[in-house]
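Work through the exercises below with the sequence and the model open. Try each task before reading its solution.

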Amino acid sequence: MNNTNTTTPKPILEVKQLALTGLMSAVICILGPISMNIPISPVPVSLGLLAIYFVLSVLGMKLGTLSVAIYILLGLVGLPVFTGFTGGPGKLFGPTGGYIVGYIFMALICGFFLDKWGSNLPVSFLGMLLGTAVCYLFGTVWLAFQSSYTFPQALAAGVLPYIPLDLVKLVIAMIAGRGLRARLKRAGLI
């Protein structure tokens with residue numbers, strides 16, 4: 001009699017999780033490049049933040065951060081997924097690259113709050129604001145460094161004009177994302 005216990009190890013991610021992660025990375029890659037330059041700032045207005053808010057609202061921290069990381073890696077290798085349909089190391093390490101790097105930290109913070117307090121809308125919203133503030137901080141420091149701005153100048157150029165629109169994006173993405181997340185949960189996909 002053979003008493004060896006041969007259990008199959010559980011995969012880190014199930015196929016449905018991988019599919020959702022890939023799909024949400026594609027959402028960011030489709031919306032992220034759509035942007036418009038504004039004359040008062042070197043930072044364009046884009047739909048990237050809307051996409052990331054949406055992805056995090058749907059997937060939470062672990063899968064949402066993975067989706068954002070895939071998006072950034074695709075842009076780093078040259079796919080035109082960053083603002084203005086650009087990609088490559090030059091964009092990531094250019095003046096607005098700090099905002100892109102900040103997406104990772106934003107995803108971790110926002111996703112944590114959504115996973116922990118997702119049913120509490122005010123706390124989730126505050127967590128999303130905190131994550132956004134951290135993204136703004138990374139972007140502002142990098143913009144100041146790259147463009148020889150002072151920190152207040154970089155803040156005025158790269159953050160302040162965007163706050164009202166980013167709040168609108170956050171609300172839209174949370175509403176749409178929460179609705180899709182509830183449907184995916186009912187379907188047993190997350």
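## Exercise 1: Cysteines and disulfides

Task: In this predicted model, find how far the sulfur of cysteine 135 lies from the closest cysteine sulfur, and decide whether the two are bonded.

Solution. Step one: find the partner. The closest cysteine sulfur to that of cysteine 135 is in cysteine 110. Step two: take the distance. The two sulfurs are 8.8 Å apart. Step three: apply the cut-off. A disulfide needs sulfur atoms within 2.5 Å, so 8.8 Å is too far for a bond.

Step four: turn to cysteine 29. Its nearest cysteine sulfur belongs to cysteine 135, 16 Å away, and cysteine 29 is in no disulfide. Step five: give the total. The structure holds zero disulfides.

## Exercise 2: Burial

Task: Is cysteine 135 buried or exposed? Classify cysteine 29 and leucine 79 as well.

Solution. Step one: set the limits. Buried means under 20% relative accessible area, and exposed means over 50%. Step two: cysteine 135 has a relative accessible area of 3%, so cysteine 135 is buried. Step three: cysteine 29 comes to 16%, so cysteine 29 is buried too. Step four: leucine 79 has 40% relative accessibility and therefore counts as partly exposed.

Step five: set this against the chain. Of its 190 residues, 42% count as buried.

## Exercise 3: Placing leucine 79

Task: Where does leucine 79 sit, and which residues does leucine 79 touch?

Solution. Step one: locate the residue. Leucine 79 is in the loop between α2 and α3. Step two: list its contacts. Leaving out residues up to four places away in sequence, leucine 79 touches Leu74, Thr86 and Gly87. Step three: check cysteine 29. Leucine 79 and cysteine 29 are 50 residues apart along the chain, yet their C-alpha atoms are separated by 9.1 Å.

## Exercise 4: Helix packing

Task: At what angle do helices α2 and α4 pack?

Solution. Step one: set the ranges. Helix α2 covers residues 48-76, and helix α4 covers residues 97-117. Step two: read the geometry. The angle is about 100 degrees, and the axes are 8 Å apart. Step three: name the arrangement. The angle makes α2 roughly perpendicular to α4. Step four: sort the contact residues. They divide into 18 nonpolar, five polar and two charged.

## Exercise 5: The whole chain

Task: In what order do the elements of the chain run?

Solution. Step one: count the elements. The chain has seven helices and two strands. Step two: read from the N terminus. The order is α-β-β-α-α-α-α-α-α.

Notes:
Residues numbered from 1 in each chain as written. Predicted model: local features only at pLDDT ≥ 70, side-chain atom pairs only at ≥ 80, totals over all residues. Heavy atoms only, no water. Axes fitted to C-alpha atoms, helices over the stretch in contact; angles between N-to-C directions. Helix = DSSP H or I, 4+ residues; strand = E, 2+ residues; numbered from the N terminus. Parallel < 35°, antiparallel > 145°, perpendicular 65-115°, else oblique. Nonpolar A, V, L, I, M, F, W, Y, C, P; charged D, E, K, R; others polar. Buried < 20%, exposed > 50% of the residue type's maximum accessible area, 1.4 Å probe, protein only. Contact = heavy atoms within 4.5 Å.
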